Amino acid sequence: VEGNEKISLIKSCDAVAIPSLYEGFGLTALEAVAMDKVVISSNQPALKEILGDYSKNINLTSKNIYQQIKKKKKMMATFPKDAYNWSKIAKMYLSL
């Protein structure tokens, strides 16, 4: 799924699940965060680096997953979204 369809799907959900075992960067996770969505992800290093504590501690086999998602949604409200601003990253790259 790409482009406007992906954006529409992310906007229409309460959470985005990324159960990837091999993740190169996690762009979908950042897109979901930018749209104020909870990200449920595996404990993959790339996702951990990008999302930090915002994606940890959700046990996908737990019976109380709904409560965990609600708790994580409150936590996501404090995610530093501007940390991954494309213009800021481009300027940092060009200054190398």
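The following exchange goes through a predicted model and asks how several of its descriptions are reached.

User: What is the overall make-up of the protein, and in which pattern do its elements follow along the sequence?

Analyst: The predicted model holds 5 helices and 2 strands, and read along the sequence these give the pattern α-β-α-β-α-α-α. Of its 96 residues, 31% count as buried, and the accessible surface comes to about 6900 Å², of which 56% belongs to carbon and sulfur atoms.

User: Why is the contact between lysine 6 and glutamate 31 called a salt bridge?

Analyst: The term requires a side-chain nitrogen of Lys or Arg within 4 Å of a carboxyl oxygen of Asp or Glu. The side chains of lysine 6 and glutamate 31 meet at 2.8 Å, N to O, so the pair satisfies the cut-off of 4 Å. The pair links distant parts of the chain, since lysine 6 belongs to helix 1 (residues 3-11) and glutamate 31 to helix 2, 25 residues apart. The structure holds 1 salt bridge.

User: Why is glutamate 31 called partly exposed?

Analyst: Buried would mean under 20% relative accessible area and exposed over 50%; glutamate 31 has 24%, and it therefore falls in between and counts as partly exposed.

User: What makes aspartate 36 worth a remark in its backbone, and where is it found?

Analyst: Aspartate 36 has a positive phi of about 60° although it is not a glycine, and it is found in the loop between helix 2 and strand 2. Its relative accessible area is 47%, which does not pass the 50% limit for exposed, so aspartate 36 is classed as partly exposed.

User: How do you know that strand 1 and strand 2 are paired, and which way do they run?

Analyst: Pairing asks for at least two bridges between the strands, and 4 bridges join strand 1 to strand 2, so the condition is met. The two strands run parallel, and within this arrangement the bridge partner of isoleucine 18 in strand 2 is serine 41.

User: Which residues of strand 2 point one way and which the other?

Analyst: From strand 2 (residues 38-41), Val38 and Ile40 point one way, whereas Val39 and Ser41 point the other way, and all are buried. In a regular strand the side chains alternate between the two faces of the sheet.

User: What makes up the largest nonpolar core, and which residues touch the most other members?

Analyst: The largest nonpolar core has 13 residues, of which Ile10, Val16, Ile18, Ala29, Ala32, Val39 and Leu51 touch the most other members. Strand 1, helix 2 and helix 3 each supply at least two residues of this core, and the largest share, 4 residues, comes from helix 2. Leaving aside residues up to four places away in sequence, isoleucine 10 touches Val16, Glu31, Ala32, Met35 and Lys37. In soluble globular proteins, nonpolar side chains tend to be buried together.

User: Why can phenylalanine 25 belong to a surface patch?

Analyst: Membership asks for over 30% relative accessible area, and phenylalanine 25, at 38%, counts as partly exposed, so the value passes that cut-off. Phe25, Leu27, Trp86 and Ile89 form this nonpolar patch, with about 400 Å² of accessible area together, and phenylalanine 25 itself is found in the loop between strand 1 (15-18) and helix 2 (27-34).

Terms used:
Residues are numbered from 1 along each chain as its sequence is written. This is a predicted model: local features need pLDDT of at least 70, side-chain atom pairs count only at pLDDT 80 or more; totals for chains, interfaces and linings use all residues. Side-chain values use heavy atoms; hydrogens and water are left out. Patches are made of residues with over 30% relative accessible area and no salt bridge: like charges are joined within 9 Å, nonpolar side chains (Val, Leu, Ile, Met, Phe, Trp, Tyr) within 5 Å. Accessible areas come from the Shrake-Rupley method with a 1.4 Å probe; for residues, only the protein chains shown count as cover. Buried means under 20% relative accessible area, exposed over 50%, partly exposed in between (1.4 Å probe, protein chains only). A nonpolar core is a set of buried Ala, Val, Leu, Ile, Met, Phe, Trp, Tyr and Cys residues joined through side-chain atoms within 4.5 Å. Contact means heavy atoms within 4.5 Å.
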